[in-house]
Amino acid sequence: MSRELDVDLAGPDRAQEVVDVIHRAFAARPALDPPATAGDETVESVAAALEDHGGLIAMRRGLPLGAILFDRSRPGLMGLRRVSVDPLGRDRGVASAMVGVAEDVAEEAGMDGIWLHVREELPENVRFWSHRKYRPVRREGTTIEMGKTLWLAREVPDADAMRDLAARVAGLVRAGDLLVLTGDLGAGKTTFTQGLGEALGIRGPVTSPTFVIARTHPSLVGGPSLVHVDAYRLGSAAEIDDIDLDATTDESVTVVEWGAGMAEQLSDSWLSIAIETRAAGPVDPVGTASGVLSEDMRVVTIRPYGPRWLEVPLRSTLLA
Ligand SMILES: Nc1ncnc2c1ncn2[C@@H]1O[C@H](COP(=O)(O)OP(=O)(O)O)[C@@H](O)[C@H]1O
Ligand SMILES: [Mg+2]
């Protein structure tokens with residue numbers, strides 16, 4: 001339980017507490033070959049790391065129980081080093097709480113993703129990160145680098161802005177990619193697909209398929225074609241299987257409208273794009289432009305799933 005647990009940003013003034021937690025946590029681990037270098041950390045080295053990159057300390061009833069050192073040396077990415085939980089307070093709540101705060105910090109700093117290193121000899125640790133959607137990126141010896149691309153939500157004021165957002169997404173996609181669009185009828189899924197198709201340089205027009213469930217738009221610029229699927233009428237996952245998209249997805253960018261829970265089986269990676277019509281807020285009594293309620297406002301939430309999106313700069317490309 002993480003009750004009464006506080007996770008605070010740690011500056012160099014917390015170096016002594018942080019280094020103590022690191023030493024206690026790593027001393028309790030099984031010996032590894034090569035050994036973890038955490039034992040070499042000193043109050044000076046930790047103070048320098050906290051000064052340059054920051055970090056976190058988790059406190060329960062005045063006792064430091066967990067710590068993380070940040071590593072901001074890679075542009076757009078937040079590294080997590082020395083993820084430590086005191087064996088006295090060893091429970092997943094401490095680590096989870098720290099990871100949650102670390103993700104918030106990375107998001108607020110406008111970062112695209114998070115990386116960390118984990119030893120494969122510690123399968124419990126690998127499972128901890130896997131459970132939180134961190135995926136292996138590369139390995140060196142017995143050290144696995146795991147990473148996670150952060151999701152984003154954006155306000156999209158009108159249909160043109162939706163096409164612009166889709167054009168930015170087009171700059172990130174390649175043949176074999178699957179995008180799953182969800183949202184009510186009229187939310188803007190087809191509008192998004194139009195913007196995507198235009199930016200990809202495919203032969204249009206992209207329309208709501210009426211009789212055809214899937215339509216292939218060939219590229220006019222030697223790039224991937226666009227397969228546009230409207231799964232709105234499909235009742236089940238079995239039916240989407242029937243239309244045999246697997247055959248085409250390798251050479252195309254595939255967009256499935258209204259496919260939540262159905263299209264994911266086509267690929268081990270996909271980009272989920274959820275479009276919500278914004279609930280009407282109060283009208284600004286002064287009547288300034290920002291207070292004028294717009295029927296057109298949408299909120300688009302983009303979440304990457306699977307290894308394909310690791311290290312793709314989603315947030316910096318789409319929020320800029
Ligand atoms: N912010 C917005 N984003 C997308 N479409 C918008 C927006 N505001 C208004 N619209 C309009 O809403 C309609 C969306 O229709 P469509 O893209 O076919 O929706 P869907 O495919 O989700 O059913 C279009 O007429 C579009 O011009
Ligand atoms: Mg549509």
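Me: I have the model open at a strand pair. Which residue of E7 is the bridge partner of glutamate 140?

Reply: Threonine 143 is the bridge partner of glutamate 140 in E7. Keep in mind that you are looking at a predicted model. Now widen the view from this one bridge to the two strands: E6 and E7 (residues 143–149) pair over 5 bridges, in the antiparallel sense.

Me: Does a helix sit there too? Let me put it properly: which strands does helix H4 touch?

Reply: Helix H4 (residues 123–131) packs on the sheet and touches E4, E5 (113–119), E6 and E7. Its direction makes about 160° with that of E5.

Me: How should I read the whole sheet? In what order do its 7 strands come?

Reply: Walk across the sheet from one neighbour to the next, rather than along the sequence. Here that walk gives E1-E2-E3-E4-E5-E7-E6, in an open sheet with mixed pairing. The edges are strand E1 (5–9) and strand E6 (135–140); each has a single partner strand, so one side of each lacks a neighbour in the sheet. On average, neighbouring strands are turned by 25° against each other, direction ignored.

Me: Which strands does helix H1 lie across?

Reply: Helix H1 (residues 15–27) lies across E2 (55–60), E3 (63–71) and E4 (77–85). With E3 it makes an angle of about 95°.

Me: Helix H2 is my next stop. Which of its residues are buried?

Reply: Start from the helical repeat: an α-helix has 3.6 residues a turn, so residues three or four places apart point the same way. In H2 (residues 43–53), the buried residues are Val46, Ala47, Ala49 and Leu50. Looking down the axis of H2, you find them within an arc of 160°, so they line one face of the helix. Those buried residues pack against H1, E2, E3 and E4. Turned away from that buried side are the exposed residues Glu44, Glu51 and Asp52. After H2 comes glycine 54, with a positive phi near 85°.

Me: Now the metal. Which protein donors does the magnesium ion (ligand 2) have?

Reply: For a metal, list the donor atoms, then ask where in the chain they come from. The magnesium ion has Thr190 (OG1) and Glu257 (OE) as its protein donors, at 2.1 to 2.2 Å. Threonine 190 belongs to helix H6 (residues 189–200) and glutamate 257 to strand E12 (residues 252–257), so the pair ties together parts 67 residues apart in sequence.

Me: Are these two donors, threonine 190 and glutamate 257, buried or exposed?

Reply: The cut-off for buried is under 20% relative accessible area. Threonine 190, at 14%, counts as buried, and glutamate 257 is buried at 3%.

Me: Which residues have the most contacts inside the largest nonpolar core?

Reply: For a core, look first at its best-connected members, then at the elements that feed it. The largest nonpolar core has 30 residues, and Val169, Leu179, Phe192, Leu196 and Ile302 have the most contacts inside it. Elements that each supply at least two of its residues include strand E8 (152–156), H6, E12 and helix H9 (314–319). H5 gives the most, with 6 residues. A second, separate core has 26 residues, among them Met78, Val85, Val94 and Val105.

Me: And what is phenylalanine 192 in contact with, leaving aside neighbours within four places in sequence?

Reply: Its contacts are Met162, Leu165, Ala166, Val169, Leu179, Leu181 and Ile273.

Key
Residues numbered from 1 in each chain as written. Chains lettered and ligands numbered in written order. Predicted model: local features only at pLDDT ≥ 70, side-chain atom pairs only at ≥ 80, totals over all residues. Heavy atoms only, no water. Pairing = 2+ DSSP bridges. Helix = DSSP H or I, 4+ residues; strand = E, 2+ residues; numbered from the N terminus. Axes fitted to C-alpha atoms, helices over the stretch in contact; angles between N-to-C directions. Contact = heavy atoms within 4.5 Å. Donors = N, O, S within 2.8 Å, 3.2 Å for Na, K, Ca; no water. Buried < 20%, exposed > 50% of the residue type's maximum accessible area, 1.4 Å probe, protein only. Core = buried A, V, L, I, M, F, W, Y, C linked by side-chain atoms within 4.5 Å. Arc of directions from axis to C-beta.
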